[in-house]
Amino acid sequence: MAARVLRRAGARRAFSAEPAPAYASERINAATAPTLMEIGCRDIFDEDHDAFRQMCRDFFANEVKPFHKEWEKAGEVPRELWTKAGDLGLLACMVPEAYGGLGTDCRFPAVVWEEQSYSGCTGPGFAMHSDIVAPYITNYGTEEQKQRILPKLVSGEWIGALGMTEPSAGSDFANIKTTAVKDGDDYVINGSKVFITNGWMADVTIVCAKTDASKGAHGVSLFLIEDGMKGFTKGNKLEKMGMKAQDTCELFFEDLRVPKSALLGEEGKGFYAVMSELPQERLLIADMGVSAAEAVFEWTRDYTMDRSAFKGKLSNLQVVGHKLAEMKTDICVGRAFVDNCIALHSQRKLDSVQASMAKYWCTDLQCKIADAGVQLHGGWGYMWEYDVCKAFVDGRVQPIYGGANEIMKELISRSITNPRH
Ligand SMILES: Cc1cc2nc3c(=O)[nH]c(=O)nc-3n(C[C@H](O)[C@H](O)[C@H](O)COP(=O)(O)OP(=O)(O)OC[C@H]3O[C@@H](n4cnc5c(N)ncnc54)[C@H](O)[C@@H]3O)c2cc1C
């Protein structure tokens, strides 16, 4: 609703898709703010982002947090949550106005990623839907595909997923086995996908399949597979270590016949599309990683300042104080790098190497901070009722998906030892 209010107030110019200017302002650094989650700091944002952030914070506090435990048991979040988020303009903010979106740069979606992480509620798969799936359709879809699908993703009427990984091929993407064989004007798809975020609830899934198996990664094409198509089935929701309210499942394609109009982008160009979209995926994982660490730090600071021990508070023990100092310093170093990446990406200047650096370093940081947070909460940190406990298990997947951190290091090292690569 607030997004609508902002729209009506003519604030749309602030959401311009034009490259954002270089940032310089009087805004304070989060490191010197009362908390790392303070609204109104960080140079990359302005007052419009602050208003949007407040709305997101209220949304996660009122519409998500009170129900999240229930959704953890269900293994999914209700559809109505998606349409509520859509009503507020929280979904697919970067989709151009012509297709119902706000046409913003990546700073508005970054506010949504961060606020979700601050809430400690990993259930809604908004980032996958809004900032991984929707950009593929925006950037590679035909006019018909964009007009038909994007407005539904923006409103939350449809949920989107991306199917790359297979039981026998994750990091080694070139080795996927799913095929799409041309038959007249149609393609016939056979194969399967695993670990698909939003897969169970998705109305549309972008599926990577080989249209030319002899060409490895260069024979990959993308297809828009809609729920209910004959030959397309979903497995059960997978039981995960964490992120229990987020639906993740297997997908199966058995002689699934799709028309040519289901092809997303050019035949055989799927790998290039995936490579082009990965920096944004890695940036959002990095930003969510630092944000989750910021939240853990604040919960831990509060807990240790409140917890009585040895005739004082835990936080008064020098070892604990030093640990908090290390945690905050590490987070602020990560935040500075990620904010720089967000600024670069909002000006369309973020390259794959820097996105990989951010993804690997910040997700390792997230796990380290979550571990320290659990330790300083003592036994309570091991209890599910504590956010820090969930943050520990929820964060563990971050160094694995979106390209395992070892793969990130591989990409970074290639740019060092073979700069022209
Ligand atoms: C909760 C969750 C959600 C996911 N969501 C999606 C989704 O929506 N869509 C999707 O397509 N996929 C998704 N994935 C899959 C994810 O991207 C893959 O799990 C990931 O890419 C790793 O692939 P893999 O599991 O096959 O591991 P493997 O490729 O078998 O690798 C196993 C481990 O080996 C190491 N390793 C692998 N390659 C190298 C190398 N070259 N050098 C050094 N070490 C290496 C790494 O430590 C890696 O973690 C999700 C996974 C999870 C757990």
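In this predicted model, residues 161–255 are 0% helix and 51% strand, and the C-alpha atoms at the two ends of that span sit 21 Å apart. UniProt, in an unreviewed entry, labels this stretch "domain: Acyl-CoA oxidase/dehydrogenase middle". An unreviewed entry there also gives residues 47–157 the label "domain: Acyl-CoA dehydrogenase/oxidase N-terminal". Here's how the two spans look side by side.

| Span | Helix | Strand | Distance between end C-alpha atoms |
|---|---|---|---|
| Residues 161–255 | 0% | 51% | 21 Å |
| Residues 47–157 | 68% | 0% | 30 Å |

Now zoom in on strand β5, residues 220–226. Six of its seven residues are buried, so the rest of the structure largely encloses this strand. As for partners, β5 runs antiparallel to β4 (residues 204–210), with seven bridges joining the two; Thr 205 faces Ile 225 of β5 across that pairing. β5 is also joined to β8 (residues 263–264), again antiparallel, through two bridges. There, Leu 222 has Leu 264 as its bridge partner.

On to the ligand. It has 21 residues around it, and the ones that come nearest are Met 164, Gly 170, Ser 171, Thr 197 and Glu 406. The elements giving two or more residues to this shell are β1 (160–163), β3 (186–197) and α12 (405–417). Sorted by class, the shell holds eleven nonpolar, six polar and four charged residues. Where does the ligand lie relative to domain 2 and domain 3? Domain 2 (161–267) and domain 3 (271–417) both supply shell residues, so the ligand lies between them.

Notes
Residues are numbered from 1 along each chain as its sequence is written. This is a predicted model: local features need pLDDT of at least 70, side-chain atom pairs count only at pLDDT 80 or more; totals for chains, interfaces and linings use all residues. UniProt positions are given in the numbering used here, feature names are shortened, and annotations may be inferred rather than shown by experiment. Helices (H or I, at least four residues) and strands (E, at least two) are DSSP runs, numbered from the N terminus. A residue is near a molecule or strand if its C-beta atom, placed from the backbone, lies within 6 Å of it. Ala, Val, Leu, Ile, Met, Phe, Trp, Tyr, Cys and Pro count as nonpolar, Asp, Glu, Lys and Arg as charged, and the others, Gly among them, as polar. Domain bounds come from an automatic or database domain assignment. A residue is buried if 20 or more other C-beta atoms lie within 10 Å of its own, exposed if 12 or fewer, and partly exposed in between; C-beta atoms are placed from the backbone. Two strands pair if DSSP finds at least two bridges between them.
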